[in-house]
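Biologist: I am new to this structure and would be grateful for a close look at its aromatic side chains. Please describe how they are arranged and how far they are covered.

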Amino acid sequence: MNPSRLSPGARLHRPPGGGQAVARKLADVVTGHPGRAAISLFALVIGGFTALLALPVAGADGEAMPLVDAAVTATSAVTVTGLTSLGPEHFSFVGHVIILLAIQVGGLGIVTLGAWLTLLVSRRLSLRTRMLSTESLGVSKLGEVPALVLTVVIFTFTIEALLAAVMLPVFVSQLGAGEGTFHAVFYAVSAFANAGFTLGATGLDHPVVLTTINIGVFAGALGFPVVYMLYRMVFYRAPMNLHTRLTLEVTVLLLVGGAILIAAFEWANPATLGGLSTWDKLHQALFASGMTRSGGFSTYDVMDQTDQTLLVTCVLMFIGGGAGSTAGGIKVTTLAVLLLAIVAEIRGDEHIRVHQREIPTTLVRVAVAVVTAGALLVLTAVVALTAVTGQGLATTTFEALSAFGTVGLTTGLTASAPEAGQWILVGLMFIGRVGIITLSAGLAARHTPTFYRYPTERPIIG
């Protein structure tokens, strides 16, 4: 049959060629279901930065580093974790710039960055992009996405610029204008992104640098939905929503409570806080508490801490920061919902009420699923790491929780582990950053109506 005689409709439905079919499948993966798109985009970006870090120009000695080391560093940077198998001295200036770009991309979020670029080009967001952004950033209404994306980008670069400006005089006085400026920018981005990457120990013990990094980590861990809510409260006098209130309350409670516990357990420990003045002990304890929930910076070896502090650190790493933030973990609002459900059950209340609002029971089921999935993931990783590395339970548990919570505090296992152990940590960082977000968003959006009910029966609990 002559193709020219086919109708337009017949030509429109012609099966695509091989190249077109592959391109269409790739497009479906990236732009399809929001959860699948988020995972695909993060994986593609991690792969790209892995290839860049594997180039000889990224190494300090001018030679290409092993693929697993490049993958660990790239995954850690994009997922804003901070765990590395190589120290900063193994990377050239170009390598440090690549890491900085990876942290910035990961901090903004691939989803947010993609939505922002789409907004610049088309002046409006497509429905699919808005759905993807709502799941990533925690927005309840599609109409809020453009304003939220704009707020995210402006807020991110503004805070990072302020953080860099505060630290700039300290680093310039120690390292000179050029290197000091790069250090200030690098630590500003790393702090706000909760990445925990460093360029060495220079300047980290300075009070101004410590305070600035702590503020940056705190701001980044609040979550962009909270930042957007605070913006609306200031400029539009909008009432504070429940998510923002719970996030602020639990975040401050964990920060202060963690600082008190760390100070109490490390007060007389000569390897950590014991040799400092009273003010420096309190300052360092507050800094350490803020770093445990995602920051990842540390002024001393975490293995020098007491067992009690290590336990507190593990709990805080598992909790993480705010939903839609650069922090990892199960998120503070998940903890808040579970605690409120426990209190309501103890009191015998039929409904979960807080701040004159009622929390639906379906949200409790989502919180339980997120916590259970996170715990099972960490447990599986600990078993695998113990078998592969031959290290003890304390070391592998701490490293696994740090990877899952995208924290970056390390016992040294990431650097000393065999290649199989490092790949396990790569997968754990990736799932900890993307998987829990996708799981919680998918569970919250999933609702299958039923048109019949079975008889109710109550198994014995406890």
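Modeller: A residue is called buried when its relative accessible area is under 20%, exposed when that area is over 50%, and partly exposed in between. The model discussed here is predicted. In this model, Y187 and F297 are both buried.

A search of the whole structure finds 9 aromatic pairs. One of them joins Y187 to F297 in a tilted arrangement, with 6.3 Å from centre to centre and 45 degrees between the planes. This pair links distant parts of the chain, since its two members are 110 residues apart. Y187 belongs to helix α9 (residues 177–192), whereas F297 lies in the loop between α13 (278–295) and α14 (307–319).

Another aromatic pair is formed by Y231 and Y236, and its geometry is edge-to-face: the centres are 5.9 Å apart and the planes make an angle of 75 degrees. Y231 counts as partly exposed because its relative accessible area is 30%. Y236, at 59% relative accessibility, is classed as exposed because the cut-off for that class is over 50%.

Y187 and F297 also belong to a cluster that ring pairs build together with F93, F171, F182 and F186. F93 has a further role in the description of the surface: with L52, L55, V57 and V94, F93 forms a nonpolar patch of about 420 Å² of accessible area together. Within this patch, L52 comes from helix α3 (residues 34–53). L52 is partly exposed, because its relative accessibility of 36% falls between the limits for buried and exposed.

Key
Residues are numbered from 1 along each chain as its sequence is written. This is a predicted model: local features need pLDDT of at least 70, side-chain atom pairs count only at pLDDT 80 or more; totals for chains, interfaces and linings use all residues. Side-chain values use heavy atoms; hydrogens and water are left out. Patches are made of residues with over 30% relative accessible area and no salt bridge: like charges are joined within 9 Å, nonpolar side chains (Val, Leu, Ile, Met, Phe, Trp, Tyr) within 5 Å. Accessible areas come from the Shrake-Rupley method with a 1.4 Å probe; for residues, only the protein chains shown count as cover. A salt bridge is a side-chain nitrogen of Lys or Arg within 4 Å of a carboxyl oxygen of Asp or Glu. Helices (H or I, at least four residues) and strands (E, at least two) are DSSP runs, numbered from the N terminus. Buried means under 20% relative accessible area, exposed over 50%, partly exposed in between (1.4 Å probe, protein chains only). Rings of Phe, Tyr and Trp (its six-membered ring) pair if their centres lie within 6.5 Å; planes under 30 degrees apart count as stacked, over 60 as edge-to-face and the rest as tilted.
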